[in-house]
Amino acid sequence: QQPKLKTSDIKMLPRFFHRSFSSIKIQLPEFKTFNLDSSLFPSTTATTKDELLAYLKDMIYIRRIEISSDGFYKNRDIRGFCHLCDGQEAVYVGMESGLTRDDCIISAYRVHG
């Protein structure tokens with residue numbers, strides 16, 4: 001049986017990692033759309049323990065790069081501007097998890113995460 005999580009329960013994930021499970025089902029929050037039929041969007045999603053741990057590993061890796069970059073910038077080893085984005089790791093990891101090789105994206109401000 002899959003444990004069910006709400007989006008607000010994500011902070012409780014470490015407790016679920018102590019349990020033995022292969023996947024979990026998460027209830028997604030409702031949101032308003034503009035000129036889109038919201039019934040076309042999923043109301044739940046499923047993921048695995050391994051997938052969640054891989055996301056966490058990626059976020060920790062990005063955070064460590066940000067912290068190192070901050071140190072280099074403060075020591076004046078990086079010249080010019082250094083716009084850090086620590087705290088935004090989930091944005092990058094989440095975006096990448098939803099993209100395919102056929103998707104087109106462009107970079108913008110603070111793209112090094």
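Okay, so helix α2. It has 26 residues, and at 1.5 Å a residue it should span 38 Å; the C-alpha atoms at its ends turn out to be 38 Å apart, so expectation and model agree. And yes, this is a predicted model, so please hear everything I say today with that in mind.

Which residues of α2 are buried? That would be L52, I62, E66 and S69. Keep L52 in your head, we'll come back to it.

Now, salt bridges. How many does a search of the whole structure find? Two. Let me take them one at a time.

One is between the side chains of R63 and E89, with 2.4 Å from N to O. This pair ties together distant parts of the chain: R63 sits in helix α2, residues 49-74, while E89 belongs to helix α3, residues 89-98, and the two are 26 residues apart. Buried or exposed, for E89? Its relative accessibility is 6%, so E89 counts as buried. R63 is partly exposed, at 35% relative accessible area. As for the chemistry, side chains of opposite charge can pair when their charged atoms come close.

The other salt bridge joins the side chains of K74 and D70, at 3.1 Å from N to O. Here both partners are in α2, four residues apart, so about one helical turn separates K74 from D70. Why does that spacing suit a pair? An α-helix has 3.6 residues a turn, so residues three or four places apart point the same way. On accessibility, K74 counts as exposed at 61%, and D70 counts as partly exposed at 23%.

Right, what comes just after α2? There you meet R76, which takes a positive phi of about 65°. Most residues other than glycine have a negative phi. R76 lies in the loop between α2 and α3, and it is exposed, with a relative accessible area of 73%.

There's another residue to put beside that one, N35. Phi of N35 is near 60°, again a positive value in a residue other than glycine. You'll find N35 in the loop between β2 and β3. N35 counts as exposed, with 68% relative accessibility.

Stay in that loop for a second, because L40 is there too: the loop runs between β2, which is 23-27, and β3, which is 44-48. L40 is exposed, with a relative accessible area of 68%. L40 is also part of a nonpolar patch on the surface, together with F31, L36 and F41. How much accessible area do those four have together? About 440 Å². So if you've got the structure open, colour F31, L36, L40 and F41 and you'll have the patch in view.

Last stop, strand β3, and T47 in it. T47 counts as buried, at 10% relative accessibility. What does the side chain of T47 make a polar contact with? The side chain of E51, at 2.3 Å. Leaving out residues up to four places away in sequence, T47 touches S22, S23, I24, I26 and L52. And there's L52 again, one of the buried residues of α2.

To recap: there are two salt bridges, with R63 and E89 in one and K74 and D70 in the other. R76 and N35 are the positive-phi residues I talked about. Okay, that's me done, over to you.

Definitions and conventions:
Residues are numbered from 1 along each chain as its sequence is written. This is a predicted model: local features need pLDDT of at least 70, side-chain atom pairs count only at pLDDT 80 or more; totals for chains, interfaces and linings use all residues. Side-chain values use heavy atoms; hydrogens and water are left out. A salt bridge is a side-chain nitrogen of Lys or Arg within 4 Å of a carboxyl oxygen of Asp or Glu. Buried means under 20% relative accessible area, exposed over 50%, partly exposed in between (1.4 Å probe, protein chains only). The expected span of a helix is 1.5 Å times one less than its number of residues. Patches are made of residues with over 30% relative accessible area and no salt bridge: like charges are joined within 9 Å, nonpolar side chains (Val, Leu, Ile, Met, Phe, Trp, Tyr) within 5 Å. Accessible areas come from the Shrake-Rupley method with a 1.4 Å probe; for residues, only the protein chains shown count as cover. A polar contact is a pair of N or O atoms within 3.5 Å; within protein, one must be able to donate a hydrogen and the other to accept it, and residues adjacent in sequence count only if both atoms are side-chain atoms. Contact means heavy atoms within 4.5 Å.
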